[in-house]
Amino acid sequence: MTGGSPALAALRPLLTEVGDAKRVRVADAPGSLAEQAFARAWGRLVAGEDAAAVALSETAAAVARARLAGIDGTVLRTAGLADDEALDVLRRGFDEVAGPLDDGLRARLRAALPLAVPAPQPPPLAERLNRQPRAGATAPGKPRVVVEPPESHGDHCLTVAVYGVLVAPVFGADPVAPFLVGLAHHLHNVVLPDAGFAGEVLLGSALDRVMTTLEERELAALPGALAERLRGVLRLRADAGAPESQAFHAADVLDRVLQVHHHARAAAFTASQALDDLELVHAGPVQAFHLDVLAAAGL
């Protein structure tokens with residue numbers, strides 16, 4: 001690592017907020033914000049858009065929605081904001097959380113903040129991975145621990161792709177390759193339901209053949225140039241030697257563990273945290289009345 005563990009530790013709060021897009025939804029489209037971005041990114045790549053443009057704009061949008069959630073340029077324009085006003089809102093959302101990022105990457109992402117993102121038809125694999133639940137933490141010989149709601153493979157892959165960009169400077173990596181590996185590293189799960197590590201162990205010596213066969217099945221259905229690009233970057237999974245390999249593997253393990261932390265955090269959430277720490281009854285002209293109502297109700 002060029003920045004060492006302090007750089008990753010500084011990024012952790014931002015990564016946690018970016019990952020929460022797995023759990024945020026809006027009224028006008030199905031799926032989580034992460035699933036929507038996953039399908040959109042695949043659609044853009046299949047349509048032939050430059051991979052670097054896709055990686056930077058989708059990552060910039062992911063950072064901005066850490067605080068803005070589903071409020072994007074399209075919503076702001078529909079609400080009557082001029083383009084410069086809408087972009088100012090997006091930049092404020094981005095700036096509020098982007099402090100821990102590498103200076104150079106932060107500037108590139110801020111410049112790539114999209115007012116409107118192209119959304120061509122995604123390939124069928126994107127919809128299937130958005131419908132395919134992940135197994136969560138499993139271990140050979142032990143019962144599965146089921147947590148609700150499960151994340152989808154689209155949730156995970158988009159988040160790993162974005163994390164790969166955000167952590168790339170820590171490892172001296174170009175951000176585009178980790179983004180592409182993140183998007184594509186579960187292509188075998190388009191067909192293969194996820195039984196977790198426990199299931200992989202039970203597949204035994206057939207595991208590599210099963211995964212390779214199913215992955216190639218999906219790659220073969222993509223445009224030739226994109227398929228070849230993905231075959232090349234997917235080789236980065238084999239080890240953690242190259243900087244781009246390290247960025248991908250770091251992004252993957254960070255997302256898997258932060259997902260577990262989310263479930264632990266959600267299970268431990270209390271009403272007092274909402275009322276006291278998050279100021280659920282926030283300042284405003286009717287705050288005193290709201291507090292009186294809660295006191296009268298014994299809350």
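1. Helix 13 is the one to look at for the largest pocket: with nine residues, helix 13 gives the most to that lining. Keep in mind that this is a predicted model. The pocket has a volume of about 990 Å³, and 39 residues line it, with Arg134, Gly136, Asp194, Gly196 and Arg256 the closest to its centre. Besides helix 13, at least two lining residues each come from helix 8 (153-167), helix 10 (196-203) and helix 11 (207-220). By class, the lining of this largest pocket splits into 17 nonpolar, 13 polar and nine charged residues.

2. Now for the second largest pocket, which holds about 860 Å³ of space. Here 33 residues do the lining, and if you want to find the centre on screen, go to Ala29, Gln36, Ala37, Arg40 and Asp72, the closest to it. Four elements give two or more residues to this lining: helix 2 (33-46), helix 3 (51-68), helix 4 (73-78) and helix 7 (124-131). Helix 2 gives the most, with six residues. The class split for the second largest pocket is 20 nonpolar, six polar and seven charged.

3. Which helix supplies the largest share of the lining of the largest cavity? Helix 13 again, this time with five residues. The structure has one cavity of 30 Å³ or more, and about 60 Å³ of space lies in the largest cavity. To find it, pick out Leu15, Thr16, Gly19, Asp20, Lys22, Arg23 and Tyr163, then add Asp255, Leu258, Gln259, His262 and Arg265, which complete the lining. Helix 1 (5-19) and helix 13 (243-268) are the elements that give two or more residues to it. In terms of chemistry, that lining comprises three nonpolar, four polar and five charged residues.

4. Helix 3, already mentioned for the second largest pocket, also packs against helix 5 (residues 83-97), with an angle of about 85° and axes 8 Å apart. Angles of 65 to 115 degrees count as roughly perpendicular, and therefore helix 3 and helix 5 are roughly perpendicular to each other. On the helix 3 side, the contact uses Ala60, Val63, Ala64, Ala66, Arg67 and Leu68; these meet Val89, Leu90, Gly93, Phe94, Glu96 and Val97 of helix 5. The tally for this contact is nine nonpolar, one polar and two charged residues.

5. How far apart are the axes of helix 9 (residues 176-184) and helix 12 (residues 224-234)? They lie 9 Å apart, and the two helices pack at an angle of about 100°. Helix 9 and helix 12 are therefore roughly perpendicular to each other too. From helix 9, Val176, Ala177, Leu180, Val181 and Ala184 meet Arg229, Leu230, Val233 and Leu234 of helix 12. That contact has eight nonpolar residues, no polar ones and one charged residue.

6. Finally, the overall picture. The chain's secondary structure comes to 15 helices and zero strands. Is the chain extended or as compact as a globular protein of its length? The radius of gyration is 20 Å, close to the 19 Å that the globule rule gives for 299 residues, so the chain is as compact as a globular protein of that length. Along the principal axes, its C-alpha atoms fill a box of roughly 65 × 50 × 40 Å.

Definitions and conventions
Residues numbered from 1 in each chain as written. Predicted model: local features only at pLDDT ≥ 70, side-chain atom pairs only at ≥ 80, totals over all residues. Heavy atoms only, no water. 1 Å grid on protein atoms, 1.4 Å probe; cavity = no way out; pocket = protein on both sides within 12 Å on 5 of 7 lines; lining within 4 Å. Points joined across faces, edges and corners; volume = space filled by probe spheres on them. Nonpolar A, V, L, I, M, F, W, Y, C, P; charged D, E, K, R; others polar. Axes fitted to C-alpha atoms, helices over the stretch in contact; angles between N-to-C directions. Parallel < 35°, antiparallel > 145°, perpendicular 65-115°, else oblique. Contact = heavy atoms within 4.5 Å. Rg over C-alpha atoms; globule rule 2.2 N^0.38 Å.
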